[in-house]
Amino acid sequence: MRLRSWIVVFSALATLGCGDDDGGGVDAGPIDADSLGAAELLPQMTDLDTLAAGRGDYRSLLASSYNRMSTRPGDETWFANGDKGHFQSHITVDGRGEHVLLEVEGAGVLERIWSANPQGTLRIYLDDFETPAIEANMEALLGGDDPRFPEPFAYVAARGFNFYFPIGFSQRIRVTTDEGDVDREGGIDSLYFHVGYRLYPGTPVETWTAAAHEARLSEVRALGAELLAPPAATSLRSALLGPMPTVFEATGGAAIRELRIEAPVDESLLRSAVVSIAFDGRETVRAPLGDFFGSGPELQVFKTYPLEVTADRVMICRFVMPFRDSAAITIESEGDLSFPAEVALGGWTFGPGQYFHAKWRDFGQIDAQPRRDLTLGTLTGNGRLVGLLFEVANPSLAWWGEGDEKIFVDDDMFPSWFGTGTEDYFGYAYTDLELFDRPYHAQTRTGADTQVGHISNLRLHVLDPIPFESRLQFDMELWHWAETELSVQALMYWYGETTDDFEPLEPGSIAIPVEALVGG
């Protein structure tokens, strides 16, 4: 049902008392447990409350096949390509050669494995390193053909092989593959890979075992079903959002648990109208309307776990947005229009670092050469990154996204995350133009048959948020194969008590409309 068919005007002030529990209440705060095991880790795949409240003290890291020639920012090799076949080491086990994707000491959790061309037998050794805890054909495991980890935990999206599942280890982890399929062009030296993981310096983590996983298969199946079909919000309150703030007040804390806005018929408003949300008098969300919901400059039907656009034109944000006293939502447009909406509110015990942020940056029309890092955003203070929307309008037949993501956390001199290509960060591969949507990522728009046109890529860090204590800088290499001009925009989602470097955004202020650059 379209929202417009039944929505009523909502008063400018709505009060949520501390005893009112619309949508469910939560006493939110950092994890405080003796240890982290499957009982704590599995729910993190869908627990947006915990994502908002914080997850304890850990560091998020990425091991990848990036070109090891890149050693220092500003060096002539910093933009070295050829991000394949670079391993941490090579070992021999029982006479068998194995290539190490990741080996690290400490307690932690493996969160994600990605590859464009999985090869050989993947082995995940935990703690004692005597026998692999998981041993499987790499292509089958990452492609969703292993019955222990079926879709939506493993799958292929636009030629990218993806595995999302928390695998805990208490002492150390080693991830390897062997020589692989000798028939694959390039052999093991052609392997592209990412291994995302976190390390806990002070929290014990229970080691994953096959027996414990088998005992929880019913829970795992239920979790998979929820990832594909997020539960519907209850007690939705109708509102008309427009130039005058719609204010929600709380006594003792509250949270917006779901925000739904009906997309305007005039789709130019998706880019020209600006959504603003202020929590406790401080604006932390400011972005073009369609971009905030992950859709971009045109309405794209897709579904991820936190963000969705339905076939009946309803844009949905499920990121939990806590506040202590008040939340004010405004949609600014050149015509001072109003937009039908629904808001689900719930009780919340507010704590530090729980404000939700979403800010958008327009680089405008820029030269593709020389190759360089674009800083998508610099966040200062304490927080955790939970998502990125990246949009490119490309007028060239050549590929625009050879560049790697480089994420600097706190006092990093070298990035904690150094990727292998823009599309690899977003979970697809080989510049594939297939539209896809999965629980944590999506490609919602492409250039049809060629790289010409507008590309919208979305990544949500639900299982793998990136915490920072003092600073996070997200750079994306601008690495185009042609000498041309292109348009680039980015929107970052994060939680925290932070400041940022995003410029003010006014309705209708975008300098280079996408259609003007690529002809619609």
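What follows is a short look at the overall build of the protein chain and at one of its hairpins. The model is predicted, so local features need pLDDT of at least 70 and side-chain atom pairs count only at pLDDT 80 or more, while totals for chains, interfaces and linings use all residues. Residues are numbered from 1 along each chain as its sequence is written, and side-chain values use heavy atoms, with hydrogens and water left out.

The protein chain comes to 9 helices and 32 strands (DSSP runs numbered from the N terminus, H or I of at least four residues for helices, E of at least two for strands). Its radius of gyration, taken over C-alpha atoms, is 23 Å, which agrees with the value near 24 Å for a compact globule of 520 residues (the rule being 2.2 Å times the number of residues to the power 0.38). Along the principal axes, the C-alpha atoms fill a box of roughly 75 × 55 × 40 Å.

Of the 520 residues, 62% are buried, meaning under 20% relative accessible area with a 1.4 Å probe, protein chains only. Among contacts (heavy atoms within 4.5 Å) with a separation of 6 or more, 79% join residues 24 or more positions apart. The protein chain exposes about 18,500 Å² (Shrake-Rupley, 1.4 Å probe), with 50% of that supplied by carbon and sulfur atoms.

As for the hairpin, strand β8 (residues 154-157) pairs with strand β9 (residues 160-169) in the antiparallel sense over 4 bridges; pairing takes at least two DSSP bridges. A157 sits opposite G160 in β9. There are 2 residues between the strands, and A158 takes a positive phi near 50 degrees in this hairpin.

Notes. Buried < 20%, exposed > 50% of the residue type's maximum accessible area, 1.4 Å probe, protein only.
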